[in-house]
Amino acid sequence: MPDSQNPLSLTKTQTQTYSYLGPAGTFTEAALAQVPEARDQAWRPVNNVGEAFADVISGRSIAAMIAIENSVDGGVTATQDALASVPNLRIIGEYLVPVNFVLVARPGTTLADVRVVNAHPVAYGQCRNWLEKTLPSHGHLPSSSNVAAASALLDTTQADAAIAPPGIEKHHDLVVLASNIGDNPNAVTRFVLVGRGNELTAPTGADKTSLIIELPSDRSGALLEMLEQFATRGVNLSLIQSRPIGDSLGRYRFVVDADGHILDERVADALLGLRRFSPKVIFLGSYPRADKRPIEFTSRYDDGIFIEARDWLRGLVGGEPAE
């Protein structure tokens, strides 16, 4: 019987397609492998975030796995901007993938031969210190994915080497010039599974709510007023990142991850405050945290406190004796 709390399970009786940043072998594919509902389903590699979201909007795919944040470079701006501009998308889960890299090249190439490195911009940022120390005069050729960077070495001579996931040499005729080249051995990339629809997953006590919020104007105190909507309800923010709206200088939207679920009273009350304050609030979804860490907050922000306060006010309006 389908799980009414799981948007993906409602159509699990037939084969479904999931999109991910390809080709096969990327970290995004590793994230998709963590989704139980995606097992034994069709996986469609795409070239960029826009194509992945187009698949979801058109119905070609039931969901798409997209990188949204990493522990070295922060938020993935292409994903954040796409979520702000493509309507009717909903984050339904998050997944963490430990990240490390190797430097690969065509057979016969040595480190001394490397002048240009092909790499996805995020991977390049996570290996920048190693590259600048080991190959101080190298150039960077951006690629759409880590696997594509490696496979391109076999089709073109524009680059001499590529940053790629470990094990890539098992799938392509390449040699590993260096291993563990990531600057941070604890690097992790956070991925989100994005679908279409309005179903909510049930609260678990270890949830996250993602929002995109526009400031009403470029003036002193506007950002503080936005943050106060969360602070006064005891809602912690695990991510806040500004992105330009693009219509004029000084106009920004903020990508926010709040600890808790929209069905938690404190989070719901914060969203009401945001709605009154902001000209545009995009709700991207409430979903279980990948680390399953329970949300901590003080007892004065328990659901019952908010419910009692509303009941008290309702009683006053209804003419009940004040206590």
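The following paragraphs lead from the overall form of this predicted model to its sheets and one surface patch.

Residues are numbered from 1 along each chain as its sequence is written, and side-chain values use heavy atoms, with hydrogens and water left out. Because the model is predicted, local features need pLDDT of at least 70 and side-chain atom pairs count only at pLDDT 80 or more, whereas totals for chains, interfaces and linings use all residues.

The C-alpha trace of the protein spans about 90 × 55 × 35 Å along its principal axes. The protein has nine helices and 15 strands; these are DSSP runs numbered from the N terminus, helices being H or I of at least four residues and strands E of at least two. Of its 323 residues, 47% count as buried, where buried means under 20% relative accessible area, exposed over 50%, and partly exposed in between (1.4 Å probe, protein chains only). The protein exposes about 15,800 Å², and carbon and sulfur atoms supply 52% of that area; accessible areas come from the Shrake-Rupley method with a 1.4 Å probe, and for residues only the protein chains shown count as cover. Among contacts with a separation of 6 or more, 75% are made by residues 24 or more positions apart, a contact being heavy atoms within 4.5 Å.

One open sheet has five strands in the order S8-S7-S9-S6-S10, with mixed pairing; two strands pair if DSSP finds at least two bridges between them. Its edge strands, S8 (139-142) and S10 (175-179), each pair on one side only. Within this sheet, strand S7 (residues 116-119) pairs with strand S9 (residues 161-164) in the parallel sense over two bridges. Val-117 has Ala-161 in S9 as its bridge partner.

A second pairing involves strand S12 (residues 207-214), which runs antiparallel to S15 and is joined to S15 by seven bridges. Thr-209 has Ser-286 in S15 as its bridge partner. Strand S15 (residues 281-288) is largely enclosed by the rest of the structure, because six of its eight residues are buried.

At the surface, Trp-312, Leu-313, Leu-316 and Val-317 make a nonpolar patch of about 430 Å². Patches are made of residues with over 30% relative accessible area and no salt bridge, with like charges joined within 9 Å and nonpolar side chains (Val, Leu, Ile, Met, Phe, Trp, Tyr) within 5 Å; a salt bridge is a side-chain nitrogen of Lys or Arg within 4 Å of a carboxyl oxygen of Asp or Glu. Leu-313 lies in helix H9 (residues 303-317) and is partly exposed, with a relative accessible area of 48%.
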